Amino acid sequence: MSFPIFVGHDSREEDAFRVCQFSLYDKAAVPIQVHALKHRELRQLGLFSREWRVTSEGQYVDERDGLPFSTEFSHLRFLVPALVDLVRMRAPWALFCDCDFLWRADVGGLFALAKPKYAVMVVKHEHAPLDGDKMDGVVQTRYHRKNWSSLILWNLTHPLNSDLTADKVNNWPGGALHALEWLPDEAVGALPVEWNWLVGHSPPDIDPKAVHFTEGGPWFEKYRDVPFAEEWRRALAASLHPRPSILEKMGR
């Protein structure tokens, strides 16, 4: 069985997505299938109907709640249970992550932490960024449980996730979704911070298994010299070459 992984796709961050996908496959010692979450495809499937507008400054604003958001896939992560059900994917757990991740360890180690009593498992950050801009000028927003939803290990068999229908995802305020408010606190499990290490915010003495360039990564000029930028650039260069299969990596 392959482990399903869904990565948010934003048309402005193609290189970020490429590196995230490449580094997942490159470090994996278990079978995985990485899928891009694209809003146009989920609209065609009838799962996504939220509308947004783009301001003259390039800022996305949600028409449902009138609030700004950062990426094309901001709301799509919450459709993972509905999408898996629609395509009849047989897997007990699935992973979502933002595209601005650099994976430095086997994602199989993350799936090994899954505990069936939880509906989701996340890194429970205490992240309160300063007001201002991030990435290529989008608004840096604060909300309850900031960045918890940037990496979600989904328990696809948990009954509480069946309450997260496509209708709810398309109509709830974005902040309520990102704060995981369809779940009681005891249904949200904790993952170690090294699996979602926030550049500039997480403890610097931790050796991250997954680096998250949450405010902007080396694909933006402003963030060319952030920690792990050189490692990201090496992964980008390597991603342009065919990757070995798991069997090839094992020497078989």
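A residue counts as buried when its relative accessible area is under 20%. Keep that cut-off in mind while touring this predicted model.

**Stop 1: Trp197 and its partner ring.** Select Trp197. With a relative accessible area of 6%, Trp197 is buried. Now add Phe228, which at 22% is partly exposed. A pair of aromatic rings is described by the distance of the centres and the angle of the planes. For Trp197 and Phe228 the centres are 5.6 Å apart and the planes meet at 80 degrees, an edge-to-face pair. Trp197 belongs to strand β13, while Phe228 sits in the loop between β14 and α7, 31 residues apart.

**Stop 2: the sheet around β13.** Select β7, β14 and β13, which form an open sheet in that order, with mixed pairing. β7 (101-103) and β13 (197-198) are at the edges with a single partner strand each, so one side of each has no neighbour in the sheet. Between β13 and β14 (residues 210-212) there are 2 bridges in the parallel sense. Show Leu198 and find His212 of β14 opposite.

**Stop 3: helices α7 and α1.** Move to α7, residues 229-238, and colour its buried residues: Ala229, Trp232, Ala235 and Leu236. Looking down the axis of α7, these fall within an arc of 120 degrees, so they line one face of the helix. They pack against α1 (14-27) and β7. Select α1 next: its buried residues include Phe17, Cys20 and Leu24. Which span should the 14 residues of α1 have at 1.5 Å a residue? The expected value is 20 Å, and the end C-alpha atoms are 20 Å apart, which agrees.

**Stop 4: strand β6.** Select residues 93-97. Of the 5 residues of β6, 5 are buried, so the strand is largely enclosed by the rest of the structure. Trp93, Leu95 and Cys97 lie on one side, Ala94 and Phe96 on the other. Strand β1 (residues 3-8) pairs with β6 in the parallel sense over 3 bridges, and Ile5 has Leu95 as its bridge partner. Strand β11 (residues 151-155) runs antiparallel to β6, joined by 5 bridges; there, Asn155 is the bridge partner of Trp93.

**Stop 5: a ring cluster.** The structure holds 14 aromatic pairs. One of them is Trp52 with Phe69, edge-to-face at 5.4 Å centre to centre and 70 degrees between the planes. Trp52 is in β3 and Phe69 in β5, 17 residues apart. Trp52 counts as buried at 18% relative accessibility, as does Phe69 at 6%. Add Phe48 and Tyr60: ring pairs link them with Trp52 and Phe69 into a cluster. Finally, select Arg43, whose charged end sits over the ring of Trp52, 5.5 Å from its centre.

Methods. Residues numbered from 1 in each chain as written. Predicted model: local features only at pLDDT ≥ 70, side-chain atom pairs only at ≥ 80, totals over all residues. Heavy atoms only, no water. Pairing = 2+ DSSP bridges. Helix = DSSP H or I, 4+ residues; strand = E, 2+ residues; numbered from the N terminus. Buried < 20%, exposed > 50% of the residue type's maximum accessible area, 1.4 Å probe, protein only. Arc of directions from axis to C-beta. Contact = heavy atoms within 4.5 Å. Expected span 1.5 Å × (residues − 1). Phe/Tyr/Trp six-rings, centres within 6.5 Å; stacked < 30°, edge-to-face > 60°. Lys NZ or Arg CZ within 6 Å of the ring centre and 35° of its normal.
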